Amino acid sequence: MVVIIGGGISGLSLAYYLRKQGVPFKLIEKSKQTGGYIRSIRQKEYLFEEGPNSLLVDAEVQSLLDELQLSSEIVEAHAVSKKRYILRQGEYRALPASPLSLLANGFFSWKAKLDIFRELSRPAAPQTGESVAAFFERRFGKEVVDYAVTPFVSGIYAGDPYRLRIDKVFPQMVEYEQNYGSVLKGFIKNKGGARRRSLSFRNGMQTLPERLTQVIKEDLLLGVSVKRIEKQEGAWVVYLDQGEPIRASQIVLSVGAHEAAQLLPAQYEAAKEAWQQVYYPPLAVVHSVYYKPQFKQKPEGFGALHPAVENSFSLGSIWSSSIFPERCKDNEVLITTFVGGALQANKVQYDDRRIMHEINLELKQLLHIQGVPVLQRISRWEKAIPQYHDYMDAVEAHAKQLQAEGIHVHANWIGGVSMPDCIKKGKRLAEALAQKIKVS
Ligand SMILES: Cc1cc2nc3c(=O)[nH]c(=O)nc-3n(C[C@H](O)[C@H](O)[C@H](O)COP(=O)(O)OP(=O)(O)OC[C@H]3O[C@@H](n4cnc5c(N)ncnc54)[C@H](O)[C@@H]3O)c2cc1C
């Protein structure tokens with residue numbers, strides 16, 4: 001028996017693939033609903049995503065959606081969302097669509113363009129656990145770090161590129177440098193990387209965990225919290241806040257790093273300490289609805305990111321109704337703005353009124369909006385996205401050691417934070433566990 005603790009996308013996708021493999025399991029989720037960070041709020045004609053806004057789909061994720069018969073629920077991102085903007089000298093400027101068009105587009109200075117061109121022949125260096133910023137500065141120069149890398153990293157991790165490790169967050173970039181001698185050459189050889197499309201669902205992102213939950217519901221304990229785990233006579237015993245303890249040969253921790261550290265028995269002190277170090281910066285997510293006539297020109301594109309050097313209030317916004325028009329009324333515009341993250345964590349302490357006021361001023365100035373939003377709501381994540389800093393070597397090493405004891409980490413704090421990462425890791429772990437259980 002496998003016990004999975006935590007019913008976010010990681011735990012659910014593992015449960016789904018274990019079911020396919022015919023491996024017996026129980027999934028335990030402490031909340032009254034599954035999905036973890038995936039939270040879609042339906043409010044009259046509006047759909048507000050408090051967590052992930054969209055899912056990037058490649059062939060592997062598509063086959064999961066097909067198996068779950070979700071095709072009629074899918075809403076494709078509007079073509080206009082291929083356009084992305086970056087704040088530069090107080091104005092939104094279109095970001096070049098591909099790494100190669102960086103040279104042709106007027107976004108970067110001539111010096112930066114020369115640095116980008118020189119990347120093709122700059123010698124590769126051995127990987128020594130560099131930060132994302134150090135890696136890109138070495139290969140492309142500071143302007144690329146300030147105006148492309150920092151905002152991109154804040155768009156995915158709400159993170160600090162000077163602390164995030166390149167080999168943990170963008171391993172493909174390291175691979176390109178090592179295998180082709182240049183990141184750009186790697187992009188050219190791999191034709192810009194795997195093709196992926198961005199989508200959501202008619203009733204929001206929560207559709208995916210809900211459908212997975214339907215499939216595995218007989219083996220789900222909902223609203224039940226795991227209190228501790230203990231090894232007794234060679235098997236694991238999982239103690240719950242209600243009901244009988246469950247015996248298991250394999251335990252999967254699909255909870256946050258700090259919860260995982262608390263659940264580990266005292267004898268794994270070093271692992272507990274390492275996992276407690278994982279930093280989750282706070283994040284506020286603000287949804288603002290405007291009438292279309294409030295804009296001189298309504299925003300069209302995926303959204304805009306704000307480089308730290310621009311000293312703006314927010315990290316940037318997703319122009320939600322431009323990507324998914326059905327998320328608000330026809331005559332309205334919905335914008336989702338992010339505040340805080342690793343570089344501006346203190347701002348999440350501000351009260352709701354102050355955050356909304358600052359955002360209104362910023363959006364008004366940048367998007368030339370008349371007046372204030374007709375509707376606005378804020379949600380906060382005290383611990384948002386786990387940051388892959390230097391401690392990750394120890395975090396991963398302890399997780400690896402524990403596998404031999406029958407404890408597995410399968411969550412967004414190791415091996416990738418995105419939903420597709422969590423799904424793919426779930427599939428691989430299910431295959432490995434099926435193999436292990438067959439052999440024993
Ligand atoms: C604001 C925001 C925006 C994002 N945007 C995107 C995006 O657009 N695209 C994308 O791909 N990714 C995005 N992500 C990342 C992605 O959503 C998360 O990394 C992913 O959903 C994490 O899933 P998980 O299952 O690993 O963890 P979680 O979702 O944290 O699930 C863990 C679960 O464990 C449960 N639990 C905890 N302790 C116990 C216990 N003792 N007993 C039982 N259950 C327990 C919790 O209740 C929770 O349900 C975003 C994240 C955030 C915060």
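This briefing describes the protein chain and the surroundings of its ligand. The model is predicted. The ligand lies between domain 1 and domain 2, because both domains give residues to the shell around it. That shell holds 33 residues, and the protein buries 89% of the 1,000 Å² that the ligand exposes when taken alone.

**Overall architecture**
- The protein chain contains 15 helices and 20 strands.
- Its radius of gyration is 23 Å, which agrees with the value near 22 Å for a compact globule of 440 residues.
- Along the principal axes, the C-alpha atoms fill a box of roughly 65 × 55 × 40 Å.
- Buried residues make up 56% of the 440 in the protein chain.

**Composition of the ligand shell**
- The closest residues to the ligand are Ser10, Glu29, Asn412, Val417 and Met419.
- At least two shell residues come from each of α1 (9–21), β2 (25–29) and α15 (419–439).
- By class, the shell comprises 15 nonpolar, 14 polar and four charged residues.
- The contributing domains are each assembled from separate segments: domain 1 spans 2–33 + 205–278 + 388–439, and domain 2 spans 54–97 + 194–203 + 281–384.

**Polar contacts of the ligand**
- An N or O atom in the side chain of Glu29 is 2.7 Å from an oxygen atom of the ligand.
- A polar backbone atom of Lys30 is 3.1 Å from a nitrogen atom of the ligand.
- For Val226, a polar backbone atom likewise is 3.1 Å from a nitrogen atom of the ligand.

Key
Residues are numbered from 1 along each chain as its sequence is written. This is a predicted model: local features need pLDDT of at least 70, side-chain atom pairs count only at pLDDT 80 or more; totals for chains, interfaces and linings use all residues. Side-chain values use heavy atoms; hydrogens and water are left out. A residue is near a molecule or strand if one of its heavy atoms lies within 4 Å of it. A polar contact is a pair of N or O atoms within 3.5 Å; within protein, one must be able to donate a hydrogen and the other to accept it, and residues adjacent in sequence count only if both atoms are side-chain atoms. Accessible areas come from the Shrake-Rupley method with a 1.4 Å probe; for residues, only the protein chains shown count as cover. Helices (H or I, at least four residues) and strands (E, at least two) are DSSP runs, numbered from the N terminus. Ala, Val, Leu, Ile, Met, Phe, Trp, Tyr, Cys and Pro count as nonpolar, Asp, Glu, Lys and Arg as charged, and the others, Gly among them, as polar. Domain bounds come from an automatic or database domain assignment. The radius of gyration is taken over C-alpha atoms; the globule rule is 2.2 Å times the number of residues to the power 0.38. Buried means under 20% relative accessible area, exposed over 50%, partly exposed in between (1.4 Å probe, protein chains only).
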